[in-house]
Amino acid sequence: MEQNCVFFDLDGTLTDSGEGITKCAALALSHFGLEVPGPETMRKFVGPPLGETFIQFGIPADKVDEAIAVYRSRYMTVGKYENFPYPGVREMLEALKNAGKRLFVATSKPEVTSVDILRHFELDHYFEIIAGASLDGKRGSKSQVLSYLLERVNGQTDGIMVGDTVFDILGAKALGIPALGVSWGYGDVAEMNAAGAITTVDSPAELTAFLLK
């Protein structure tokens, strides 16, 4: 790949954070007396900005901040560690770094939490910048996070976005950044392809080979 910079999503791409996210989202739904659907439906909470997803699940717009506060009451102490790096991710990051690629994180998860998680798993040192959402909700979509990241790298544009959902593909596309999808996360491969993913890959090893070819 000509692109020297790789912008990684976090949830569903580098780590499998589904257990912690869905348990905390279930707590918030229960707080409002809403039915907690099955595991497959709750997977929709992994990836997109929380506020948007809570609205889809029936929480009124004026109660979203309260729902997020309930969610974070568990997530910040327990949920963020109900999580693990996908097999092969560490080796992938090592190979890309050794090949001279510049690695970054661009996630809709709050930045402070993302840094903590990557540090916990000893993955933080692979990345020049870990960019995430702001806690005040003013920066949350993938395009907003990517714009923020690009400002911090002086408008560097020779990058490629790597993520597991259509939000990663569309967020990058809005800024003219190519994007590819990974199939091991929480998104839909057909949706990512339809949104304009340049390709999709099925393992960290396959992703490494594609980025280094």
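Let's start at Lys142, which is buried, with a relative accessible area of just 5%. In this predicted model, Lys142 forms a salt bridge with Asp168, and the closest N and O atoms of the two are 2.5 Å apart. The pair ties together distant parts of the chain: Lys142 belongs to helix H7 (residues 142-152), Asp168 belongs to helix H8, and 26 residues separate them. Asp168 is buried as well, at a relative accessible area of 2%. Buried means under 20% here, so both 5% for Lys142 and 2% for Asp168 fall within that class. Elsewhere, salt bridges with shared partners connect Glu19, Lys23, Arg74 and Glu82 into one network.

Side chains of opposite charge can pair when their charged atoms come close. How many salt bridges does the model hold? The count comes to eleven. One of them joins Asp11 to Lys109, with 3.2 Å between the closest N and O atoms. Here too the chain is bridged over a distance: Asp11 sits in the loop between strand E1 (5-8) and strand E2 (15-16), Lys109 sits in strand E4, and the two are 98 residues apart. Are Asp11 and Lys109 buried or exposed? Asp11 is buried, and Lys109 is buried too.

Another salt bridge brings the side chains of Lys80 and Asp116 together, at 2.5 Å from N to O. Lys80 comes from the loop between helix H4 (64-75) and strand E3 (84-85), whereas Asp116 comes from helix H6, 36 residues away. Lys80 and Asp116 are both buried.

Now let's turn to the sheet. Six strands make up an open sheet, and reading across it you meet them in the order E5-E4-E1-E6-E7-E8, with parallel pairing. Which strands stand at the edges? They are E5 (129-133) and E8 (200-201); each has a single partner strand, so one side of each is left without a neighbour in the sheet. Helix H8 (residues 166-173) packs on this sheet, where H8 touches strand E6 (159-163) and strand E7 (179-182). The direction of H8 makes about 175° with that of E7.

At the E5 edge, the partner is strand E4 (residues 102-110), and E4 and E5 are paired in the parallel sense over four bridges. To follow this pairing by eye, look for Ala106, which stands opposite Ala131 in E5. Pro110 has Ala133 of E5 as its bridge partner. Although E5 is an edge strand, E5 is mostly covered, with five of its five residues buried. The chain travels from E4 through helix H6 (residues 111-120) to E5, and this β-α-β crossover is right-handed.

Next comes the nonpolar interior. The largest nonpolar core has 47 residues, and those with the most contacts inside it are Phe8, Leu14, Phe54, Leu93, Phe127 and Leu207. Leu207 is a good place to look around: beyond its neighbours within four places in sequence, Leu207 is in contact with Phe8, Met92, Val162, Leu180, Val182, Trp184 and Val201. Another core, of 21 residues, lies apart from this one and includes Leu146, Ile169, Ile177 and Ala195.

Thr13 is worth a visit too. Thr13 lies in the loop between E1 and E2 and is buried, with a relative accessible area of 1%. What does Thr13 touch, not counting residues up to four places away in sequence? The list is Phe8, Tyr86, Val89, Val162, Gly163, Asp164, Val182 and Trp184. Among these, Phe8, Val162, Val182 and Trp184 also appear in the contacts of Leu207.

Let's finish with two glutamates. Glu66 is found in helix H4 and counts as partly exposed, at 34% relative accessibility. Apart from neighbours within four places in sequence, Glu66 is in contact with His31 and Phe32. Glu66 and Ser203 are 137 residues apart in sequence, and their C-alpha atoms are 38 Å apart in space. Glu122, in the loop between H6 and E5, is exposed, with a relative accessible area of 56%. Its backbone also deserves a look: Glu122 has a positive phi of about 55° although it is not a glycine.

Methods. Residues are numbered from 1 along each chain as its sequence is written. This is a predicted model: local features need pLDDT of at least 70, side-chain atom pairs count only at pLDDT 80 or more; totals for chains, interfaces and linings use all residues. Side-chain values use heavy atoms; hydrogens and water are left out. Two strands pair if DSSP finds at least two bridges between them. Contact means heavy atoms within 4.5 Å. Axes are lines fitted to C-alpha atoms, for helices over the stretch in contact, and angles run from 0 to 180 degrees between N-to-C directions. Buried means under 20% relative accessible area, exposed over 50%, partly exposed in between (1.4 Å probe, protein chains only). A crossover is right-handed if, with the strands pointing away from the viewer, the path from the first strand over the helix to the second runs clockwise. A nonpolar core is a set of buried Ala, Val, Leu, Ile, Met, Phe, Trp, Tyr and Cys residues joined through side-chain atoms within 4.5 Å. A salt bridge is a side-chain nitrogen of Lys or Arg within 4 Å of a carboxyl oxygen of Asp or Glu.
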